[in-house]
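This report describes selected features of one molecular model. The sequence and coordinates come first, and the text follows.

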Amino acid sequence: MTKGAVLILGGRSDIGRAIARAFAAEGHPVWLAARNADGLEPDRADLELRYRVEAKCFEFDVLATHRLEGFADALPGLPEVVVSVVGYMGDQQVSETDPEAAARVMRSNFEGPAAALALFANRFEARGSGVIVGISSVAGERGRATNYVYGSAKAGFTAFLSGLRNRLAKKGVHVLTVLPGFVATAMTEGMDLPEKLTAQPEEVGRAVLRAVKSKRNVIYVKPVWCLVMAVIRNIPEAIFKGMKL
Amino acid sequence: MRIAGWGGTTRQDCRVSHPRSEAEVAARIAEGHAIARGAGRAYGDAAQSALNTVDMGRFDRMISFDAETGLLVAEAGVRLADVIAAFLPRGWFPAVTPGTKHVSVGGMVAADVHGKNHHRDGSFGAFVEFIDLMGPDGAVRRLTRGDNDEMFGWTLGGMGLTGVILRVGFRLRPVESGWIRQKSIVAGSLAEAMAAFEANAGATYSVAWIDCLARGVAMGRSILMLGEHASAAELPAERRAAPFGVPARRRLTVPFHAPGFALNGLTVRAFNHLYYAQGVKKAGESLVDWDSYFYPLDAIHGWNKIYGRRGFVQFQCAFPLATAEAGLAALLTEISRAGQGSFLAVLKRFGPQASRISFPMEGYTLALDFPLHARTTALLERLDRITLAEGGRFYLAKDARMTPHTLRKADKRMAEFIAMRERTGLAEAFSSTQSERLAL
Ligand SMILES: Cc1cc2nc3c(=O)[nH]c(=O)nc-3n(C[C@H](O)[C@H](O)[C@H](O)COP(=O)(O)OP(=O)(O)OC[C@H]3O[C@@H](n4cnc5c(N)ncnc54)[C@H](O)[C@@H]3O)c2cc1C
Ligand SMILES: NC(=O)c1ccc[n+]([C@@H]2O[C@H](COP(=O)([O-])OP(=O)(O)OC[C@H]3O[C@@H](n4cnc5c(N)ncnc54)[C@H](OP(=O)(O)O)[C@@H]3O)[C@@H](O)[C@H]2O)c1
């Protein structure tokens with residue numbers, strides 16, 4: 001039996017590539033969507049060569065919401081799984097003073113990915129099947145001085161995913177929210193991340209595959225983050241506001 | 001970021017980048033003192049530079065494969081384990097493999113690694129068709145075998161000091177199954193072991209494990225293990241339907257650094273004794289899966305931690321045929337006299353090797369490892385002197401402690417390598433902690 005295609009929005013990122021590999025290794029065709037999709041040729045070739053599945057690339061800009069319909073229509077079909085890996089950290093300090101920059105962060109992490117997943121959600125609902133995966137972030141669980149613009153957008157995205165899950169639960173469509181803690185990727189390059197709390201992109205790929213198979217709702221990649229976030233969420237605001245995090 | 005070689009003795013705070021594009025690699029090279037890092041399986045400080053370590057792990061794509069010739073083109077960061085996972089099911093296996101599959105293709109080229117088939121097939125370089133190398137100016141050149149381009153030769157075994165390898169085209173070998181027919185032979189002494197190697201020169205794979213605590217007439221007693229790829233017809237009937245499927249191995253993990261005393265003289269003695277006794281009992285023919293045959297240590301994740309936090313050092317040298325027996329005997333005598341057994345002592349016959357800077361030479365190679373402490377350092381220095389006296393040379397992929405003087409004396413080719421690096425601007429652009437220690 002041929003397996004359903006997996007569409008990855010943000011296919012160039014380390015996390016997107018790792019998710020593509022995890023699904024391709026199971027025999028799923030993979031469609032990588034990204035800006036400058038031509039540059040993904042080596043990744044496409046690698047997926048086909050390694051896993052002997054079909055791999056394709058598609059031009060995609062999450063901020064071009066007016067082109068979304070066209071993008072989805074041009075795909076070879078409706079995928080079985082759609083994963084949004086798209087995200088943009090921006091520079092918190094710049095976002096504090098430049099509303100344009102802040103809007104870009106908010107749109108790239110929330111508005112754009114939400115619009116894209118909403119479109120696939122509707123088509124999945126009509127079909128009566130499908131899996132939606134959103135890569136959000138623990139940064140959305142509580143706003144911190146050092147990255148609350150990004151965090152607030154991720155918070156919006158997380159809430160959006162949970163609402164979508166609620167809406168589609170009885171419609172045969174599953175929604176998975178992924179809240180990775182630190183991951184060693186381009187986004188975190190050069191940051192001094194604690195080793196025990198930092199996942200490799202491959203771990204995220206495997207975790208997402210497992211969670212899709214077992215229909216999990218929300219996952220942190222490294223289990224220890226469950227604990228870390230429980231603590232962070234429960235610090236009273238009066239204390240939290242004085243903390244340096 | 002603190003990184004070290006596999007032996008764990010060279011931990012150092014290094015600036016490490018993970019480039020994802022050629023432009024990023026070029027930018028790192030332009031900063032000088034760059035060294036590429038693959039999978040970090042070299043034992044010492046070859047793949048680290050305090051100022052500019054360039055981790056090639058993101059260059060991990062396989063680009064093309066020709067099922068007629070077995071030519072695989074892969075980026076330098078691709079792991080050998082991934083090559084096997086993708087191609088063994090299609091009937092292809094690495095033509096040369098080191099004792100761990102967790103190495104990168106770039107690291108295999110840079111150390112010009114050898115396997116248990118060196119006596120017949122040569123080193124990894126013999127199967128390399130081309131290397132895409134980024135030089136000091138950031139330009140990428142395709143170095144081809146057969147070109148009279150000298151850089152091809154300097155890059156094989158050049159320990160990353162000729163540039164950053166981006167892609168490699170190398171040939172795999174066709175196999176009919178994932179199984180090896182293994183034959184073990186017990187050798188009661190060093191002379192017997194060497195005679196057994198010579199008598200079995202036709203075997204595809206051969207390697208001997210030496211009980212390096214045995215003294216006197218038994219000195220050098222060992223178990224010689226020969227191997228052949230099993231054809232489909234040689235498999236038991238129940239395996240023929242899936243000749244490449246092997247039983248999943250249980251993975252053991254060493255979760256933390258063992259306390260130093262876990263590996264004292266007594267445990268090493270017991271281990272060597274048991275291993276030899278086991279070998280004698282099991283001598284004869286058996287069918288072994290590829291993973292257990294080529295990569296027994298990979299089954300124990302993080303096995304390097306059994307040596308404790310201070311880590312361990314490897315010692316590997318090669319002697320020419322003419323002096324091999326004398327050299328090996330002198331080394332073994334010194335080790336057993338010191339009473340500091342090595343957990344793993346591996347002896348291997350090397351075949352002919354014509355190359356500019358690679359480690360192998362026709363003769364014998366001995367690899368040993370020792371937990372690091374003051375007494376080992378002194379012992380290793382004595383082993384260096386013995387090796388020098390018998391015309392041997394040292395393997396840079398295992399080295400973490402040699403002096404420039406020792407290296408230069410052992411290996412006349414280094415002077416030319418150094419001059420070439422000066423002449424071509426490589427010296428400023430590329431350097432590792434090892435190359436600085438060895439003044440390369
Ligand atoms: C358990 C074990 C068994 C081993 N058995 C053998 C054996 O049987 N035979 C053998 O020959 N070796 C053996 N080795 C050594 C190992 O094969 C070599 O050290 C090899 O170079 C490791 O590859 P790596 O990708 O980990 O490279 P690293 O350790 O990361 O780097 C090693 C060298 O390669 C250079 N390098 C890595 N990538 C690039 C690149 N892209 N461009 C330029 N230079 C690069 C580095 O600069 C460095 O000088 C063994 C090692 C272990 C841990
Ligand atoms: N790394 C971490 O520690 C961490 C932790 C928690 C969550 N996350 C989330 O994980 C996801 C992947 O991040 P990463 O760490 O792998 O970093 P990354 O490399 O920066 O990935 C971000 C991805 O988003 C894409 N993207 C950004 N804007 C886009 C747009 N307008 N249109 C289309 N694609 C766009 C980028 O595409 P281009 O290649 O075209 O730029 C890139 O593929 C992100 O959502 C991030 O927020 C990461």
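Which strands and helices do the buried residues of H6(B) pack against? The model is predicted, and in it these residues pack against strand S12 (179-187), strand S13 (205-210), strand S14 (222-229), helix H9 (321-338), strand S19 (345-350) and strand S20 (363-371) of chain B. Helix H6 of chain B spans residues 190-199, and its buried residues are Leu190(B), Ala193(B), Met194(B), Ala196(B) and Phe197(B). Viewed down the axis of H6(B), the buried residues lie within an arc of 155°, so they line one face of the helix.

**Ligand 1**

Ligand 1 is surrounded by 34 residues, of which Ala36(B), Arg41(B), Ala42(B), Ser104(B) and Tyr395(B) come nearest. Two of these nearest residues also appear in the polar contacts of the table below, one through the backbone and one through the side chain. His114(B) is placed with a polar backbone atom 2.8 Å from a nitrogen atom of the ligand. Of the 960 Å² of accessible area that ligand 1 has on its own, the protein covers 96%. Strand S4 (35-37), helix H3 (105-110) and strand S11 (164-174) of chain B are the elements that give two or more residues to the shell. By class, this shell holds 21 nonpolar, 10 polar and 3 charged residues.

**Ligand 2**

Around ligand 2 there are 26 residues, and those that come nearest are Arg35(A), Val62(A), Tyr150(A), Val183(A) and Thr185(A). Oxygen atoms of ligand 2 pair with side-chain N or O atoms of Arg35(A), Lys154(A) and Thr185(A). On its own, ligand 2 has 870 Å² of accessible area, and the protein covers 89% of that area. The elements giving two or more residues to this shell are helix H1 (14-25), helix H6 (148-168) and strand S7 (182-183) of chain A. The shell is made up of 13 nonpolar, 8 polar and 5 charged residues.

The polar distances for the two ligands are set out here.

| Ligand atom | Protein partner | Distance |
|---|---|---|
| Ligand 1, oxygen | Ala36(B), backbone N or O | 2.7 Å |
| Ligand 1, oxygen | Ser104(B), side-chain N or O | 2.6 Å |
| Ligand 1, nitrogen | His114(B), polar backbone atom | 2.8 Å |
| Ligand 2, oxygen | Arg35(A), side-chain N or O | 2.8 Å |
| Ligand 2, oxygen | Lys154(A), side-chain N or O | 2.9 Å |
| Ligand 2, oxygen | Thr185(A), side-chain N or O | 2.5 Å |

**Two residues of chain A**

Is Arg50(A) buried or exposed? Arg50(A) is buried, because its relative accessible area is 8%, and buried means under 20%. This arginine lies in helix H2 of chain A, residues 41-51. A polar atom of the Arg50(A) side chain lies 2.7 Å from the backbone oxygen of Asp60(B). The side chains of Arg50(A) and Asp82(B) are joined by a polar contact of 3.4 Å. Apart from neighbours within four places in sequence, Arg50(A) is in contact with Arg21(A), Asp60(B), Arg61(B), Met62(B), Val78(B), Asp82(B), Ala86(B) and Arg90(B).

Ala159(A) belongs to helix H6 of chain A. With a relative accessible area of 47%, Ala159(A) is partly exposed. Met229(A) is 70 residues away from Ala159(A) along the chain, and the C-alpha atoms of the two are separated by 16 Å.

Notes: Residues numbered from 1 in each chain as written. Chains lettered and ligands numbered in written order. Predicted model: local features only at pLDDT ≥ 70, side-chain atom pairs only at ≥ 80, totals over all residues. Heavy atoms only, no water. Near = heavy atom within 4 Å. Polar contact = N/O pair within 3.5 Å; in protein donor to acceptor, adjacent residues only side chain to side chain. Areas by Shrake-Rupley, 256 points an atom, 1.4 Å probe, with all protein chains shown as cover. Helix = DSSP H or I, 4+ residues; strand = E, 2+ residues; numbered from the N terminus. Nonpolar A, V, L, I, M, F, W, Y, C, P; charged D, E, K, R; others polar. Buried < 20%, exposed > 50% of the residue type's maximum accessible area, 1.4 Å probe, protein only. Arc of directions from axis to C-beta. Contact = heavy atoms within 4.5 Å.
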